[in-house]
Amino acid sequence: MSEERFGEFVLVRRHEQGHVAELVLDRPKAMNAVSTEMARSIAGACAALGADRSVRVVVLTSSHERAFCVGADLKERNSFSDADLVRQRPVARGAYTGVLELPVPTVAAVHGFALGGGFELALSCDVIVADRTAVVGLPEVSVGVIPGGGGTQLLPRRVGAARAAELIFTARRVEAAEARELGLVDQLVEEGRDREEALALATRMAANSPVGLRAAKRALRLGHGLDLPAGLEIEDAAWRSVAFSGDRAEGVAAFNEKRKPKWPGE
């Protein structure tokens, strides 16, 4: 396993011969509250991971034992002028879009508090694994703002418009069991096992074709919300991008030869 640090608050670990990368939120003294510096580091780490063709799956984790991420750094923002807030906005957005636009499958490993922007980072991932200590929610209207990291768009895509409206308008926190029931998280695991289970899931994903994984994610993301004919065109374009690849040829050969594939990744 190798490690690379992006600024003071973000760490990237590479597992499984580099094919699984772990993006670690590492600002434990602030329960991973996302400051301007931390947002910039998240965006930088995502840019590097997205450009690395050896990375097949990214797992988003936390180094804090009681929190995934409590959202924006409100202590920092308390000192902002209006002009400061305007200047900081693109930096903050860059962190969330960085995770959302990763071209490979992403898994969030959530324990403890995942609130506001912290939950939005998890919502930006394809799959959310949470342990029984998890408490999630989008409480922004309770402090005079709205979710600004994609929450108003990502949450309804998970749970439907009415449920998302209730959760955002009440600003309520949702504990793990209800979160799983409502579909706010995808897998609920025993306390302390969120990271382990998320990495195990990522390893299973990473055993598959890297070209196929990227194309399947592209089809899923671009096709979501379109009518069926338009969605099928998106799928066909993604299929064509893999049908004549080295991965396709190797996958078919490995199946017929009853062996594990050795993906060329192209």
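Select residues 106-110 and 127-131, which are strands β6 and β8 of this predicted model. The two strands pair in the parallel sense, over four bridges. To find one point along the pairing, pick Val107, which stands opposite Val127 in β8.

Keep β8 selected and add residues 187-189, strand β11. Here β8 and β11 run parallel, joined by three bridges. Show Asp131 and look for its bridge partner in β11, which is Val189.

Now turn on the side chains of β8. Which residues point one way, and which the other? Val127, Val129 and Asp131 point one way, while Ile128 and Ala130 point the other way. Residues on both sides are buried, and the strand is mostly covered, with five of its five residues buried.

Next, go to the largest nonpolar core. Among its 50 residues, select Leu121, Leu155 and Leu184, the ones that touch the most other members. Then add helix α1, residues 36-51, which supplies the largest share of this core, six residues.

Centre the view on Leu155. What does Leu155 touch, leaving aside residues up to four places away in sequence? The list is Phe119, Leu123, Leu138, Gly160, Ala164, Leu167, Ile168 and Leu184.

Another core lies apart from the largest one and has 14 residues. To find this second core, select Val57, Val59, Ala202 and Ala206, which are among its members.

Move on to helix α11, residues 246-256. Colour Asp247, Glu250 and Ala254, the buried residues of this helix. Why do these residues lie on the same side of α11? They cover an arc of only 65° around the axis, and so they share one side. An α-helix has 3.6 residues a turn, so residues three or four places apart point the same way.

Turn α11 around to see the face directed away from its buried side, where Phe255 and Asn256 are exposed. Then show α9, residues 210-223, which is part of what covers the buried residues of α11. Just after α11, stop at Lys258, which takes a positive phi of about 55°.

The last stop is the largest pocket, with a volume of about 940 Å³. Select Ala72, Leu74, Arg77, Val143 and Val145, which lie nearest the pocket centre among the 35 lining residues. Then show α2 (74-77), α3 (82-100) and α4 (117-123), the elements that each give two or more residues to the lining. Which element gives the largest share of the lining? Helix α3 does, with seven residues.

Note on methods:
Residues are numbered from 1 along each chain as its sequence is written. This is a predicted model: local features need pLDDT of at least 70, side-chain atom pairs count only at pLDDT 80 or more; totals for chains, interfaces and linings use all residues. Side-chain values use heavy atoms; hydrogens and water are left out. A nonpolar core is a set of buried Ala, Val, Leu, Ile, Met, Phe, Trp, Tyr and Cys residues joined through side-chain atoms within 4.5 Å. Buried means under 20% relative accessible area, exposed over 50%, partly exposed in between (1.4 Å probe, protein chains only). Contact means heavy atoms within 4.5 Å. Two strands pair if DSSP finds at least two bridges between them. The arc is that of the directions from the helix axis to the C-beta atoms. On a 1 Å grid over the protein atoms alone, a cavity is a set of points where a 1.4 Å probe fits but cannot get out, and a pocket is an open set with protein on both sides within 12 Å along at least five of seven lines; lining residues have an atom within 4 Å of a point. Grid points are joined across faces, edges and corners, and a volume is the space filled by probe spheres set on the points.
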